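This report describes the fold of one chain and the sheet architecture of another. The sequence and structure are shown first.

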Amino acid sequence: MKPYLREKKVFTFEDVPEDTSFEAGYLVTVNAGWRSIRPVVDTEKCVGCSQCYLYCPDGVISMQDGKATIDYDFCKGCGICAKICKPHAIGMEAER
Amino acid sequence: MAEKFLSGDEAFAEGIRLACPEVISAYPITPQTIVVERLSEMVEDGSLDAEFIHVESEHSALSCAMGASATGVRAFTATSSQGLLYMAECLYYASGGRFPIVMMNANRSTALPWNIYGDQRDSLSQLDSGWIQAYAENAQEALDFALMSYYIAEHKTVSTPFMVNLDGFILTHTYEQVDVPTPEQAKAFLPPYETENRLDLDNPKNMAFSAGPDTNYIFKYKEHAGMLRSVPVITEAEKKFAEIFGRQYTGLIDTYLTEDADYILITLGTIAGLSREIADQLRSQGIKAGVLRIRYMRPFPTEEIADAVKNAKAIAVLEKDISFGNEGAVFTNVNSALKSQGVTAPTYNFIGGLGGRNISHTNIIDIFEKIRKGTERVNFIGIEVNQ
């Protein structure tokens, strides 16, 4: 499931909470600008083992119809999923 | 109430038992050790119903207290010197997260050269960490701060962590007669801790998050405003405290004969007691001397100090601290306060007691003598230096 994304907005003084505890996801916005390489899933080779899902430090991989799917709005391009993938179903490709 | 013969550390532990924290996490360090030893004994014998967590470092001690506070419970830790510096990173986390943890710090010198004796360089180096900072003068005040600190820190309008400082050895290890209140009195004074700033399964939230340049500044402003809102809460707490326990405290500062004084010594912590003795002695010789003890370094008593010293001819600031390359941090703060309030009397800094060196009776007489004649801006008492 993809996270809820808020509209880009300017926060007023009143919008900002007193302490660092607030409704989850409210402050979240797309965060993937520094990615130089991106993981690409070969669905033919993917066996649906979910290892990439478990290892992804940003939690951007989900399993859909038994195959890994990547949320590029939040993927930082670290390549851990490609390293961990035993059937070599994930390759890293240059961003253009 | 019961009269007991207690050291400063023991009195503070008694105060914490009365405040009933649910989690205590601490690492022992001289001269704070007795506080956590007594508290662990209280947990062991069942007289304090708390989790006592033995941690592997001060960094963990405060991290652990923060985790506890984030579940909505009252948390306590204690440290000193190198321990305070080791947990420095976490000090800012706790204040930025607005977790109203109470910490006792036994004021002790910082290395190198290694030294376990008292000075105030540890806590004064952390004035900007966002913690309320109070300085106790005697064991009774230490116990009373233990109770009042939670009242002030946890107040809904404040929500700011609170550091209570006790002069190492001079206060932590000196025995005095202390009035220990009953648990019923403590319960009547201190309400249970209630907060929305906690992990809650029924109302899941994002906690202790990051905030970018658009909002971070607003969080910092609100942290500052929360600290300033502690000023009326300190007054409120002291009023309620006096009603229940019969001891009235005097807010951010404590003055002695300052109303008509020509020469005023400003200081903090235990040395104020001896300073008042000297003021009496000088008064008997016709010299109008007075003493102002700073009880709270944060929030800083800008108007209170200026108002108390506005008619003085000369002012001394005595502190066990130096900001190398400048002057004592208390002196800097006092001068800024006086300038902002239009007080123009000359001020002189006296640095002493570093590494536990005794500040004597004659040293204090000498301070008053020097400010009457005029002296260097920054003076190092008790050592001969070629400046």
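Two strands are taken to pair if DSSP finds at least two bridges between them. The model discussed here is predicted. In chain B, strand β4 (residues 75-80) and strand β5 (residues 102-107) pair in the parallel sense over five bridges. Within this pairing, B:Phe76 stands opposite B:Val102 of β5(B).

Both strands belong to an open sheet of seven strands in chain B, with the order β3-β2-β4-β5-β7-β6-β13 and mixed pairing. From one strand to the next, the twist averages 20°. Why do β3 and β13 of chain B each have one side without a neighbour in the sheet? These two strands stand at the edges, each with a single partner strand, so one side of each is left free of a neighbour in the sheet.

A helix also packs on this sheet: α2 (residues 33-44) of chain B touches β2 (23-26), β3, β4 and β5 of chain B. The direction of helix α2(B) makes about 135° with that of β3(B).

The strands of the sheet whose residue ranges are listed here include the following.

| Strand | Residues |
|---|---|
| β2 (chain B) | residues 23-26 |
| β3 (chain B) | residues 51-54 |
| β4 (chain B) | residues 75-80 |
| β5 (chain B) | residues 102-107 |
| β13 (chain B) | residues 296-298 |

Chain A contains two helices and five strands, which run β-β-α-β-β-α-β from the N terminus on. Of its 96 residues, 16% count as buried. Among contacts in chain A between residues at least 6 apart in sequence, 63% join residues at least 24 apart.

How values were computed: Residues are numbered from 1 along each chain as its sequence is written. Chains are lettered from A and ligands numbered from 1 in the order in which they are written. This is a predicted model: local features need pLDDT of at least 70, side-chain atom pairs count only at pLDDT 80 or more; totals for chains, interfaces and linings use all residues. Helices (H or I, at least four residues) and strands (E, at least two) are DSSP runs, numbered from the N terminus. A residue is buried if 20 or more other C-beta atoms lie within 10 Å of its own, exposed if 12 or fewer, and partly exposed in between; C-beta atoms are placed from the backbone. Two residues are in contact if their C-beta atoms, placed from the backbone, lie within 7 Å. Axes are lines fitted to C-alpha atoms, for helices over the stretch in contact, and angles run from 0 to 180 degrees between N-to-C directions.
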